[in-house]
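Let's take a walk through this one together, stopping at a few spots along the way. Have the viewer open and follow along.

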Amino acid sequence: MLKALSDYGRLMRAGTALVRHDVILPGEYHGRMPFPARFAGRTMRFFGGRARGREGERLARALEKLGPAYIKLGQFLATRPDVFGAEVATDLSRLKDKLPAFSLEEARKALAIEFGAQEAESLFAGLGEPVAAASLAQVHKLQTSNGMKAVKILRPGVEKLIARELRAMKRAARTVERVSIESRRLEPVAFTETVATAMEKELDLRLEAGGADQMRAISEQDDWFTIPAVDWDRTGQRVLTTDWVDGIPLTDPKALEQPGLNRPDLANAITRGFLSHAIGHGVFHADMHEGNILITPQNKVALVDFGLIGRIGLNERRFLAEILWGFIRRDYQRVAEVHFEAGYVPANQSVGEFSQALRSIGEPIHGKPAEEVSMGRILLQLMDYTRTFGMRLRPELVLLQKTMVQVEGVARAIDPAHDIWKAADPVVSSWITENFGPVGAAKLAARSVRDIADRLKRLPDVMDRFEHFLETSNDAGSVQAKPSGPPWWGWFGLTIAIAAIAGLTISQFA
């Protein structure tokens with residue numbers, strides 16, 4: 001009972017914040033509402049102080065004031081332009097996450113709890129004052145014998161705060177889904193569970209350390225980005241330590257005023273680096289806003305803050321590459337076919353009509369100057385068609401889409417004439433040649449042979465278990481002597497299994 005009262009109290013606080021920012025019953029939809037809703041909306045706006053800005057901007061400000069759980073909720077809402085519209089989704093993607101820092105004394109207490117007082121004193125003797133603070137954690141500089149480090153420490157008590165806020169959100173989602181039939185299409189309970197799972201992962205900095213280390217390994221192969229190395233001896237569940245990155249964040253105008261910096265090359269590096277990671281490796285930094293991108297004194301791009309890592313499988317990477325390649329070549333029929341082949345558009349829809357819809361998105365961009373062409377807009381328009389064609393939304397692709405919009409915005413801020421299509425062309429064409437040409441066919445054949453060999457190795461064990469199952473079934477029905485050799489169904493099953501594997505082998509090379 002007390003928990004329920006606490007939850008409703010938190011929801012009332014959230015509702016008040018939304019009212020004050022004119023998010024509930026906003027004025028933009030005044031003309032579409034019945035009289036009672038119009039009257040209620042006017043009253044809310046009167047007491048709310050007549051908040052200014054677009055609906056998405058007002059919602060973003062309200063969520064920022066409500067704290068970390070709601071900021072994370074807003075980031076997830078930004079991935080649903082199909083539900084909230086492209087403009088609101090774009091505004092929410094710019095959510096800011098800053099709070100006053102907690103004291104150095106509290107930081108040392110947190111380190112002592114994580115590592116033990118004596119070890120913390122030894123490992124973090126040179127800990128300095130905080131240099132950046134957000135809702136979940138803050139960052140300190142640490143001078144060590146091996147150079148300068150960056151130490152990220154979770155806020156004291158943040159886990160309990162997040163747990164309470166998420167519990168209230170889940171209660172609200174259950175209530176909405178129970179009383180509103182229309183809301184069930186949007187699955188508010190499942191959506192809230194997704195937000196909660198992501199938040200819980202961000203509260204374990206060991207997971208972030210693993211993501212950062214993987215991104216560093218990939219970047220050492222591609223050389224697009226500089227990624228700081230993880231200091232595993234100084235990393236735990238509530239503390240993450242990495243090498244210090246000497247650079248200026250893109251939020252600071254001075255980052256682009258360094259000597260010898262070439263803006264077009266820098267914008268291309270950000271776009272190509274992101275696509276190389278996503279398409280080439282299936283792993284990407286999923287929060288590439290200006291605050292997480294630094295420009296080093298060597299004019300290289302450095303990435304920090306790996307709390308949100310996106311992952312896509314080989315099929316999704318092929319899907320993305322073929323879509324980009326199709327739009328670059330204006331082959332809308334192929335782009336439509338790729339959607340159907342991947343199962344993202346139901347089979348009862350028309351390939352021709354979907355191709356027609358894609359043409360309406362792609363054709364307006366051709367022949368225009370680069371600064372007037374937006375990949376982000378194309379992706380958002382594509383998301384708008386999800387309802388029209390009954391398309392399934394895949395969370396990993398939605399996160400990718402959201403990040404691509406971020407990347408394009410950053411690249412255009414660096415170089416307003418940045419042509420994201422030309423930047424993407426060499427990465428996409430190289431990947432398609434490698435994976436769909438002769439080299440790709442050879443790799444696919446090699447993977448198929450390995451897979452078939454693995455299946456053959458497991459076949460005797462599978463047949464033994466199958467035989468044991470049937471013998472057990474026979475024993476349960478009647479007591480009979482065991483045959484001296486495999487019964488007829490054993491040989492028959494073995495023959496069928498080998499024939500199936502042979503057929504699979506032939507089909508892979510056909």
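Leaving aside its neighbours within four places in sequence, which residues is Gly56 in contact with? With that sequence window excluded, the contacts of Gly56 are Val88, Asp91 and Leu92. Keep in mind as you look that this is a predicted model. Gly56 itself sits in helix α3, which covers residues 55-66. Is Gly56 buried or exposed? It's buried: the relative accessible area of Gly56 is 2%, and the cut-off for buried is under 20%. If you'd like another marker for this spot, take Gly74: Gly56 and Gly74 are 18 residues apart in sequence, and their C-alpha atoms are 9.9 Å apart in space.

Next, jump to helix α7, residues 104-115. Here's a quick sanity check on its geometry. Twelve residues at 1.5 Å a residue should span 16 Å, and the end C-alpha atoms of α7 are 16 Å apart, so the two agree. Now colour by burial: Leu104, Ala107, Ala110, Leu111 and Phe115 are the buried residues of α7. They cover an arc of only 115 degrees around the axis, so they sit on the same side of α7. The general rule behind that kind of pattern is that an α-helix has 3.6 residues a turn, so residues three or four places apart point the same way. What does the buried side pack against? The partners of the buried residues of α7 are α8 (117-123) and the strands β1 (127-133), β2 (137-144), β3 (147-154) and β5 (239-243). Turn to the face pointing away from the buried side of α7, and you'll find the exposed residues Glu105 and Ile113. Just after α7 comes Gly116, with a positive phi of about 90 degrees.

Now for a sheet. Four strands make an open sheet with mixed pairing, in the order β4-β9-β8-β6. Its edge strands, β4 (225-226) and β6 (248-249), each pair on one side only. β4 and β9 run parallel and are joined by two bridges; in one bridge, Phe225 has Val301 of β9 as its partner.

Between β8 (293-295) and β9 (301-303) there's a loop, and Asn299 lies in it. The Asn299 side chain makes a polar contact with the side chain of Gln258, at 3.5 Å. Beyond neighbours within four places in sequence, Asn299 is in contact with Gln258, Pro259, Gly260, Leu261 and Leu266.

One last stop: helix α14 (residues 332-341), where the buried residues include Tyr332, Val335 and Phe340. Just after α14, Gly343 has a positive phi of about 80 degrees.

Definitions and conventions: Residues are numbered from 1 along each chain as its sequence is written. This is a predicted model: local features need pLDDT of at least 70, side-chain atom pairs count only at pLDDT 80 or more; totals for chains, interfaces and linings use all residues. Side-chain values use heavy atoms; hydrogens and water are left out. Buried means under 20% relative accessible area, exposed over 50%, partly exposed in between (1.4 Å probe, protein chains only). Contact means heavy atoms within 4.5 Å. A polar contact is a pair of N or O atoms within 3.5 Å; within protein, one must be able to donate a hydrogen and the other to accept it, and residues adjacent in sequence count only if both atoms are side-chain atoms. Two strands pair if DSSP finds at least two bridges between them. The expected span of a helix is 1.5 Å times one less than its number of residues. The arc is that of the directions from the helix axis to the C-beta atoms.
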